[in-house]
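Before you read my comments, please open the model and turn it slowly, keeping the sequence beside you. The points below are meant to be followed one at a time.

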Amino acid sequence: MINQRQVVDYALQRRALLAEVRSGRVGGYEACDASPYLLRAAKFHGRAGDLPCPICRQEPLTLVSWVYGDELKHVAGSARSPEELARMAGLFAEFTVYDVEVCRACHWNHLVRSYVLGTGEPAGPRRTAGR
């Protein structure tokens, strides 16, 4: 079990954005602006969600986890699977994970939550995510 710390849930922002889209104050094209890089990450590193897309309702949302942290070096800013996150949590002192939901059909995307993983211990000798 991964010990998530400093969890931030963005459900209220998501709900507010969807209300603005449904009311017409925000266009669907503004809310559905996933970059090609995010769409590729969803295809190769994402995991299927349970909920349908709130915009197009054509397919289930895909969840992509992005990692950032000084200790990660070249791995920072990349998408990682749950298995890789578990392994990294035992290797690194601290890094932040951002979970983003993506619809591969209409390109809806939204930050779902962020949290900190890692051992919580001061960084020792230099490590890389590849080892």
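1. This is a predicted model, and I would begin with the exposed side of one helix: on the other side of α4, Glu83 and Gly90 are exposed. The buried residues of α4, by contrast, are Leu85, Met88 and Ala89. Seen down the axis of α4, these buried residues fall within an arc of 105°, so they line one face of the helix.

2. What lies over that buried face? The elements that cover the buried residues of α4 include β3, β4 (residues 78-80), β5 and β6.

3. The helix also takes part in the largest nonpolar core, a group of 11 residues made up of Val67, Leu72, Val75, Leu85, Met88, Ala89, Phe92, Phe95, Val97, Tyr115 and Leu117. At least two residues of this core come from each of α4 (residues 82-91), β5 and β6, and α4 gives the most, with 3 residues. A second, separate core has 10 residues, among them Leu39, Ala42, Val64 and Ala79. As background, nonpolar side chains tend to be buried together in soluble globular proteins.

4. Please look next at helix α1, which runs over residues 11-23. How far apart should the ends of a helix with 13 residues be? At 1.5 Å a residue, α1 should span 18 Å, and its end C-alpha atoms are indeed 18 Å apart, so the expected value and the model agree. After this helix comes Gly24, whose phi is positive, near 95°.

5. Which residues of α1 are buried? They are Arg14, Leu18 and Val21, and, seen down the axis of α1, the buried residues fall within an arc of 60°, so they line one face of the helix. The face turned away from this buried side carries Leu12, Gln13 and Arg15, which are exposed. A student may wish to note that a leucine appears in both lists, with Leu18 among the buried residues and Leu12 among the exposed ones.

6. The cover over the buried residues of α1 includes α2 (residues 28-31), β3 (residues 60-68), β5 (residues 95-102) and β6 (residues 109-117). Of these, β3, β5 and β6 are also included in what covers the buried residues of α4.

7. Finally, strand β2, residues 47-52, is hardly covered, since the count of buried residues among its 6 residues is 0. This strand pairs with β3 in the antiparallel sense over 3 bridges, and the bridge partner of Pro52 in β3 is Pro60.

Key. Residues are numbered from 1 along each chain as its sequence is written. This is a predicted model: local features need pLDDT of at least 70, side-chain atom pairs count only at pLDDT 80 or more; totals for chains, interfaces and linings use all residues. Side-chain values use heavy atoms; hydrogens and water are left out. Helices (H or I, at least four residues) and strands (E, at least two) are DSSP runs, numbered from the N terminus. The expected span of a helix is 1.5 Å times one less than its number of residues. Buried means under 20% relative accessible area, exposed over 50%, partly exposed in between (1.4 Å probe, protein chains only). The arc is that of the directions from the helix axis to the C-beta atoms. Contact means heavy atoms within 4.5 Å. Two strands pair if DSSP finds at least two bridges between them. A nonpolar core is a set of buried Ala, Val, Leu, Ile, Met, Phe, Trp, Tyr and Cys residues joined through side-chain atoms within 4.5 Å.
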